[in-house]
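Visitor: I would like to go through this model one question at a time. Please keep the answers plain.

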Amino acid sequence: MTTALVTGASSGIGLAFCHELADRGHDLVIVARDRARLENLSDELRARHSVRVEVLPADLADRDQVQRVADRTGDLERPVDLLVNNAGFGLGRGFISGDIAGEERALDVMCRAVMVLSHAAAGAMRTRHRGAIINVSSVAGFVVLSTYSAVKSFVTVFSEALSGELAGSGVTVTALCPGFTRTEFHDRATMDMSRLPGPLWLDSGRLVRDGLADAARGKVVSVPGPAYKAVVALARVAPRRLVRRVSHAIGSGRRRQG
């Protein structure tokens, strides 16, 4: 039996990871800001799957709290075999019209925390010659959707670089790059997603299973869903001017107003 640590565990893709991993018999360390939601999830996972669940409340925008999670991640006496860096959020506004404090928080949660926790996990896992890191990125990292694209581009490229550094160590790193997924993510950012065609929506459970399968194969960049595989392939070869134009049209249509 192995242990997985999941950030952003109480909702969305992180919640789907927790249920899938518990169903497979993995013990869990679940991380999110809301202790009550974590406790409820812990009770549910223990009752349904008979696994051990450790609750670790933390705000990943707070450096001291990130360090507490990093200390747990790198604990050689209580090894974490799989780290899922999933915590994140959308801002739903353009950069200029938005609050700069929100932009800084996004960097702390989705870049700095990913880097700090990956450092702790990679060191401990390399010592044991086994382990896996999944950093939840996004298809947005291949296009140009305000600072969210910049943040997720960092996550993907960082994961690729770390994978190269860990080559041959027994430790794998995968950047999981989903497209639009049916969770509460977009509602919390108050984004208007009404015009998105149904076939472009991904199921979170299927997304997680595909991501875990790619990680098990040692795939460095995982893009679930044939539609999004095509989007990423096109974005990689299309002229950047075209990518910017299409991205701007998409982004303008889904940002919240006011």
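Guide: The questions below concern one strand, its neighbours and a pocket in this predicted model.

Visitor: How many of the six residues of strand β2 are buried?
Guide: Buried here means under 20% relative accessible area. In a regular strand the side chains alternate between the two faces of the sheet. On one side of β2, Asp27, Val29 and Val31 are buried, and on the other side so are Leu28, Ile30 and Ala32. The count for β2 (residues 27-32) is six of six.

Visitor: Which residue of β2 stands opposite Thr3?
Guide: Strand β1 (residues 3-7) pairs with β2 in the parallel sense, over five bridges. Between β1 and β2 the chain passes through helix α1 (residues 12-23), in a right-handed β-α-β crossover. Opposite Thr3 stands Asp27.

Visitor: In β3, what is the bridge partner of Ala32?
Guide: β2 and strand β3 (residues 53-57) run parallel and are joined by five bridges. The path from β2 to β3 leads through helix α2 (residues 35-49), and this β-α-β crossover is right-handed. The partner of Ala32 in β3 is Pro57.

Visitor: Which elements give two or more residues to the lining of the second largest pocket?
Guide: This pocket has a volume of about 200 Å³. Its lining has 13 residues, with His26, Leu82, Ala132, Leu212 and Ala216 nearest the centre. The elements asked for are β5 (131-136) and α7 (204-216).

Visitor: How many residues of that lining are nonpolar?
Guide: The lining of the second largest pocket also holds four polar and two charged residues. The number of nonpolar ones is seven.

Conventions: Residues numbered from 1 in each chain as written. Predicted model: local features only at pLDDT ≥ 70, side-chain atom pairs only at ≥ 80, totals over all residues. Heavy atoms only, no water. 1 Å grid on protein atoms, 1.4 Å probe; cavity = no way out; pocket = protein on both sides within 12 Å on 5 of 7 lines; lining within 4 Å. Points joined across faces, edges and corners; volume = space filled by probe spheres on them. Helix = DSSP H or I, 4+ residues; strand = E, 2+ residues; numbered from the N terminus. Nonpolar A, V, L, I, M, F, W, Y, C, P; charged D, E, K, R; others polar. Buried < 20%, exposed > 50% of the residue type's maximum accessible area, 1.4 Å probe, protein only. Pairing = 2+ DSSP bridges. Right-handed = clockwise from strand over helix to strand, strands pointing away.
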